[in-house]
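Colleague: I'm new to this, so could we go through the model together, one question at a time?
Modeller: Sure, have a look first and then ask away.

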Amino acid sequence: MPTQTNTITVTLTQLAKMIDHSLLHPTMTDADILAGLNIARENNVATACVKPYLIPLAKKELAGSDVLVCPVIGFPHGNSTTSIKVAEATAATQDGGAEIDMVVNVGKVLSGDWDYVSDEIRQINEAVTANNATLKVIFENDYLQSDHIARLCEICTQFDVGFVKTSTGYGFVKQADGLYNYKGATVRDLKLMRAKSGERVQIKAAGGVRTLDDLLHVMSLGVARIGATATVAILEDAKKRGIGNEPVEVSFKPMEEGETSGC
């Protein structure tokens, strides 16, 4: 049976500006961060996604480019108090964060305490937008059921949040074999998030988007941004496949509904 392929028309700049280059692994050294910021700058991605203490360094290294600084708060488990998250978001935006990725309180989502969850998202979004920045709300979908994801999309739409985001990339779940793994952004969840979010709310796919085919596929689903560590590999493959400054139609291999979308 032949492999199914789809097509989409893109430019290299369009692909680069879909990428938040992720510099979030806990073991990254100063040298690793500097190398990563150089990758973000050289490839003219949308943002460099960094831990809050790195905001000054990121601003310095990205100065003169249009690559934005994107700090994370409540990362990766979302368990800080709302007041701490608000303070962290306020400080991050005032220090130069143009986009903020926050993690919801997963335990409260699973408990169905929607008043708590709504109030936290509202307060953090107000703190972020008051400083002219954009909020992305991370759900950590591997821990959730479809009804949780749908409800979170509705809450984020209510408060006009900038983005809803699938995963941190660190939401590991214990598997049947006793090992920990995660799916990250799946096709099924991305379709659900697009369907349940308002038109003004954008979708970010994170956790598993590692190839150009992955990126093209999630783009075709209405995803506006991805989190990725494989930025160089993705964009180099794009160049090899003839994607440049002018729009070009390219084919991609679609994935199954329940598979990871491809950070």
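Modeller: One term before we start: buried means under 20% relative accessible area, exposed means over 50%, and partly exposed is in between. Also keep in mind that this is a predicted model.

Colleague: Okay, is aspartate 160 buried, exposed or partly exposed?
Modeller: Look in the loop between helix H7 (146-158) and strand E7 (163-165), where aspartate 160 sits. Its relative accessibility is 36%. Partly exposed lies between under 20% and over 50%, so aspartate 160 counts as partly exposed.

Colleague: What is the phi of aspartate 160?
Modeller: Most residues other than glycine have a negative phi. Aspartate 160 is not a glycine, yet its phi is positive, at about 55 degrees.

Colleague: Where is asparagine 44, which has a positive phi although it is not a glycine?
Modeller: Asparagine 44 has a phi of about 55 degrees, and with a relative accessible area of 29% it is partly exposed. Its place is the loop between helix H2 (30-42) and strand E3 (47-50).

Colleague: Which residues does the cis peptide bond at proline 76 join?
Modeller: Most peptide bonds are trans. Proline 76 is in the loop between strand E4 (68-73) and helix H4 (82-94). Omega is about 5 degrees for this cis bond, and the two residues joined are phenylalanine 75 and proline 76.

Colleague: Which residue forms a salt bridge with aspartate 20?
Modeller: Side chains of opposite charge can pair when their charged atoms come close. Here the closest N and O atoms are 3.2 Å apart, and the partner of aspartate 20 is lysine 136.

Colleague: How many residues apart are aspartate 20 and lysine 136?
Modeller: Aspartate 20 is in strand E2 (residues 19-23) and lysine 136 in strand E6 (residues 134-138), so the pair links distant parts of the chain. Aspartate 20 is buried at 0% relative accessibility, and lysine 136 is buried at 0% too. Along the chain they are 116 residues apart.

Colleague: What is the N to O distance between glutamate 120 and lysine 85?
Modeller: Both of these residues, glutamate 120 and lysine 85, are buried. Their side chains meet in a salt bridge, with an N to O distance of 2.9 Å.

Colleague: How many residues of helix H9 are buried?
Modeller: Helix H9 covers residues 212-220 and is mostly covered. Among its buried residues are Leu212, Asp214 and His217. Out of nine residues, the number buried is seven.

Notes
Residues are numbered from 1 along each chain as its sequence is written. This is a predicted model: local features need pLDDT of at least 70, side-chain atom pairs count only at pLDDT 80 or more; totals for chains, interfaces and linings use all residues. Side-chain values use heavy atoms; hydrogens and water are left out. Buried means under 20% relative accessible area, exposed over 50%, partly exposed in between (1.4 Å probe, protein chains only). Helices (H or I, at least four residues) and strands (E, at least two) are DSSP runs, numbered from the N terminus. A salt bridge is a side-chain nitrogen of Lys or Arg within 4 Å of a carboxyl oxygen of Asp or Glu.
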